[in-house]
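Colleague: I would like a close look at one part of this model, followed outward into its surroundings. Please keep it plain and go step by step.

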Amino acid sequence: MKAGFIGAGKVGFSLGKYLTANGITVTGYYSKSPISAKSAADFTKTRSYNSITELLNDSDTIFVTVPDGTIEEIWDYMQNLDVKNKNICHCSGSISSAVFFNGEKLGASVYSIHPLYAINDKYNSWEKLKQAFFTIEGSENHLSEMKSIFENAGNKVIVTTRDNKYLYHCGAVVVSNLVTGLFSIGAEMLQKCGFSETEAQQALMPLFVGNVNSIRTTDTVSALTGPVERNDVSTVKNHIAALENDNEDRMAYILLSEKLIDIAKRKHLQRDYTEMTEVIENEKHSRSEE
């Protein structure tokens with residue numbers, strides 16, 4: 001395989017370096033910013049290209065690692081080139097391979113290949129990609145070959161479909177992004193109790209990291225602790241009362257507690273969560289009627 005990259009941002013840098021480190025030939029980079037292409041090429045010890053045509057000629061596989069909103073624009077240009085027998089891939093979590101809408105008719109194989117990992121550093125994230133799951137969907141003819149690239153690097157690869165891309169990406173966003181909002185809610189509560197912003201973050205971090213590590217080493221059921229898991233109805237009621245003046249945080253607490261009841265029931269099959277369920281259900285309905 002000879003893989004070329006269109007786009008020299010964090011994903012392009014990281015994936016290109018990861019592929020070269022795992023024995024895949026990377027031809028180089030094209031970017032609308034020649035400086036960025038040169039930087040990525042230097043980092044991966046490959047070549048910077050002045051045109052997509054030139055990169056395409058030297059590569060049998062192209063990774064389009066540009067922002068999601070630009071992928072279709074790049075394809076609009078590429079479909080007028082000779083893409084026959086080429087593998088055309090993008091790395092968006094939410095967009096399917098259908099963005100390369102007539103690629104197969106033009107003789108190409110089209111794929112969406114997404115690392116389930118938050119790439120936040122151009123120069124260092126590639127080293128952590130060995131821990132990531134990858135998902136892939138697209139053309140059948142070279143699917144096994146494309147999948148094996150990452151399996152051979154030691155990654156778990158899950159084959160998905162075009163139809164479930166948004167749901168898949170939503171699941172990743174809940175854990176990667178929305179949990180940041182959840183941490184912020186907790187930190188703001190502590191600030192109302194006299195903590196500074198820095199103190200609140202520092203105080204909550206051991207809880208946050210400890211819970212993540214517990215889930216990582218066991219599972220969500222085994223890792224669950226707290227008043228819902230203990231069936232401590234009075235504490236949950238007091239929490240809800242403490243949030244009386246903040247409807248948004250109160251509803252977040254109620255909805256998440258409802259989910260925790262489901263998990264707690266799986267952990268303690270003989271425990272009766274009827275009263276806890278009634279408290280949460282009554283609060284949820286009363287909030288929705290306001």
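Which residues does leucine 19 touch, not counting residues up to four places away in sequence?

Modeller: This is a predicted model, and what follows is computed from its atoms. Setting aside residues up to four places away in sequence, leucine 19 touches Ala3, Phe5, Ile24, Val26, Phe63, Ile149 and Phe150. Leucine 19 also belongs to the largest nonpolar core, which has 30 residues. Within that core, Leu15, Leu19, Phe63, Ile113, Met146 and Phe150 touch the most other members. Two of these, Phe63 and Phe150, are also on the contact list of leucine 19.

The core draws on several elements. At least two residues each come from β1 (2-6), α1 (10-21), β2 (25-30), α2, β6, β7 (134-138) and α5 (143-151). A second, separate core has 19 residues, including Leu56, Ile95, Val99 and Ala108.

Now the strands around leucine 19, starting with β1. Of the 5 residues in β1, 4 are buried, and the strand is mostly covered. β1 pairs with β2 in the parallel sense, over 5 bridges. Within this pairing, isoleucine 6 stands opposite tyrosine 30 in β2. Together with α1, these two strands make a right-handed β-α-β unit. β1 also pairs with strand β4 (residues 61-64), again in the parallel sense, over 4 bridges. There, glycine 4 stands opposite isoleucine 62 in β4.

A further part of the core is supplied by β6, β7 and α5. β7 is mostly covered as well, with 4 of its 5 residues buried. β6 and β7 run antiparallel and are joined by 5 bridges. In that pairing, tyrosine 111 stands opposite glycine 138 in β7. β7 is also joined to strand β8 (residues 157-159), by 3 bridges, and these two strands run parallel. Isoleucine 136 has valine 159 as its bridge partner in β8. β7, α5 and β8 make another β-α-β unit, and the unit is right-handed.

Next, a polar residue in the loop before β6. Serine 92 is found in the loop between β5 (87-90) and β6 (109-115). Serine 92 counts as buried because its relative accessible area is 3%, where the cut-off is under 20%. A polar atom of the serine 92 side chain lies 3.2 Å from the backbone nitrogen of serine 94. Leaving aside neighbours within four places in sequence, serine 92 is in contact with Asp68, Ile71, Ser112, His114 and Lys165.

Last, the charged pairs. The count of salt bridges comes to 12. One of them lies in α2, a helix that also supplies residues to the largest core. Here the side chains of lysine 38 and aspartate 42 meet, with N and O 2.9 Å apart. The two residues are 4 places apart in helix α2 (residues 34-44), so about one helical turn separates them. Lysine 38 is partly exposed, at 43% relative accessibility. Aspartate 42 is partly exposed too, with a relative accessible area of 45%.

Another salt bridge joins the side chains of arginine 47 and glutamate 54, at 2.4 Å from N to O. Arginine 47 has a relative accessible area of 37% and counts as partly exposed. For glutamate 54 the value is 27%, which is also partly exposed.

The pair of arginine 250 and glutamate 283 forms a salt bridge as well, the closest N and O atoms being 2.7 Å apart. This pair links distant parts of the chain, with arginine 250 in helix α11 (residues 247-267), glutamate 283 in helix α12 (residues 274-288), and their positions 33 residues apart. Arginine 250 counts as buried because its relative accessibility is 4%. Finally, Arg47, Glu54 and Asp58 are joined into one network by salt bridges that share partners.

Methods:
Residues are numbered from 1 along each chain as its sequence is written. This is a predicted model: local features need pLDDT of at least 70, side-chain atom pairs count only at pLDDT 80 or more; totals for chains, interfaces and linings use all residues. Side-chain values use heavy atoms; hydrogens and water are left out. Buried means under 20% relative accessible area, exposed over 50%, partly exposed in between (1.4 Å probe, protein chains only). A polar contact is a pair of N or O atoms within 3.5 Å; within protein, one must be able to donate a hydrogen and the other to accept it, and residues adjacent in sequence count only if both atoms are side-chain atoms. Contact means heavy atoms within 4.5 Å. A salt bridge is a side-chain nitrogen of Lys or Arg within 4 Å of a carboxyl oxygen of Asp or Glu. A nonpolar core is a set of buried Ala, Val, Leu, Ile, Met, Phe, Trp, Tyr and Cys residues joined through side-chain atoms within 4.5 Å. Two strands pair if DSSP finds at least two bridges between them. A crossover is right-handed if, with the strands pointing away from the viewer, the path from the first strand over the helix to the second runs clockwise.
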